[in-house]
Amino acid sequence: MKRLWIAPVLLAALFAGGAVRIVQDQCGPFTDVTPSFCPFVSELYYLGITAGTSPTTFSPDDPLTRGQAAVFIAKGLNQSLARSSRRAALGQWWAPSFFPWVVGLGVTPLPEGLGPLVCDGFDVWVGGNSHIFRVRASDGKLLDTWTIANPPSAILAAMGRVFIAGGASLYMIDPASPSGGATQIAALPSFTAGLAFDGNRLWTANQGGSVSIIDPSPTTPWPVTTVRSGFQAPFGIVFDGQHNWVSDTGSCTLLELDSSAAVLRTVNFGMPDCAIYAPIFDGSNVLLPNGNALQVVRASDGSLVATVPITTNAAQVAFDGERILVQSSGGGQNTPRGLTLLRAADFSTLRIEGFLPIGGPGIAGIAADGVNFWVTFQTGNGDVLARY
């Protein structure tokens, strides 16, 4: 394998249309690169993917080791993720910071205990004790408030609507309609902890030991099919584009399901030190908080590809296209809680925010809008939604 093969073959597609220089006596800092390869080599140099073999040489004909190839591809993947994100489209290249929380910027006070939240691409929808708050993502302004009969346990944005699981009921909000009472669309067999959408139907993970499939209907209630076989205590559910994955706290397993909720694959994490929560999907992997780690399971074959250490108990996870935010719930009142920010390309740690003192405010939920992360805090002086 030669170094010159990597540039045009593996990475040219990622960086087409980039830096093209007029080649005179050298190509950027390199004096040993021919004009035909200069556009590719110079772009890799200016993007920080390669520094060459010396300050003035790239050595295009030298053999490339597997280790060097891995560095090239990993750095190229980082650039691809950054370029394709919503953050890139808006020109917001700075790393998230918790500075707004400290000075009171980017914080939306809300009037009651907060819980789960989700972003629909425009607004952030936040669950309260008996309300759903609609907050504009661009500036954190509270826009509308809807009421539901039960405290929300999961929120999902799909089909241009917002769906809320509360108690053993499923509710729906049409964002285009005036605020008021959310519409109850289905009764569920037990308390629901997770919601997913597969492109046609809604799915719920019910902690009573079942998974329900809900078919949209022009009239309410919507038809519900409940499957109990194969489940003990489902907690979270996520769709990967082909199948749903359910985290089952009763059996400490991650279950891949077919379209009828039959178990296709079981990923076992072992008892008794299991503390799995709700999974999310990053486009390739299912990310599952589990104790003091984030488990990374490849969706294509169910293999465990990484176990990422997390300070204290990993409880929730969000993905913004470039970065992964993990919430640590702590191990009780005597353990501080915080946030861990990871790079999605290689799961390396970018920052740990251990800003919550022992006995301090708790984190109720996290979500991403493609640019910012949103975090709900429960404090003694009222709850707040903060941009991170």
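This is a short chat about the pockets and overall build of a predicted model.

Visitor: How many helices and strands does the protein have?
Guide: There are five helices and 28 strands. Keep in mind that the model is predicted.

Visitor: On to pockets. What volume does the largest pocket have?
Guide: The largest pocket holds about 1,400 Å³ of space.

Visitor: Which lining residues are closest to its centre?
Guide: Leu-117, Ile-155, Pro-279, Ile-280 and Val-317 are the closest, out of 47 lining residues.

Visitor: Which strands supply at least two residues of that lining?
Guide: Seen from the N terminus, the list starts with β2 (117-119), β6 (152-158) and β10 (192-197). It goes on with β14 (234-239), β18 (280-281), β22 (314-319) and β26 (362-368).

Visitor: And how does the lining of the largest pocket split by class?
Guide: It has 33 nonpolar, twelve polar and two charged residues.

Visitor: What about the second largest pocket, how much space is there?
Guide: About 190 Å³.

Visitor: Which residues line the second largest pocket?
Guide: Leu-77, Leu-81, Val-305, Phe-319, Ala-344 and Ala-345 are among them. So are Gly-283, Ser-284 and Asn-285, along with Asp-282 and Arg-298. By class, that lining has six nonpolar, three polar and two charged residues.

Visitor: Switching to the whole chain. What share of the residues counts as buried?
Guide: 49% of the 388 residues.

Visitor: What is the accessible surface, and what part belongs to carbon and sulfur?
Guide: The surface comes to about 16,800 Å². Carbon and sulfur atoms account for 54% of that.

Visitor: Last one. What share of contacts joins residues at least 24 apart?
Guide: 44%, counting contacts between residues at least 6 apart in sequence.

Note on methods: Residues are numbered from 1 along each chain as its sequence is written. This is a predicted model: local features need pLDDT of at least 70, side-chain atom pairs count only at pLDDT 80 or more; totals for chains, interfaces and linings use all residues. Side-chain values use heavy atoms; hydrogens and water are left out. On a 1 Å grid over the protein atoms alone, a cavity is a set of points where a 1.4 Å probe fits but cannot get out, and a pocket is an open set with protein on both sides within 12 Å along at least five of seven lines; lining residues have an atom within 4 Å of a point. Grid points are joined across faces, edges and corners, and a volume is the space filled by probe spheres set on the points. Helices (H or I, at least four residues) and strands (E, at least two) are DSSP runs, numbered from the N terminus. Buried means under 20% relative accessible area, exposed over 50%, partly exposed in between (1.4 Å probe, protein chains only). Contact means heavy atoms within 4.5 Å. Accessible areas come from the Shrake-Rupley method with a 1.4 Å probe; for residues, only the protein chains shown count as cover.
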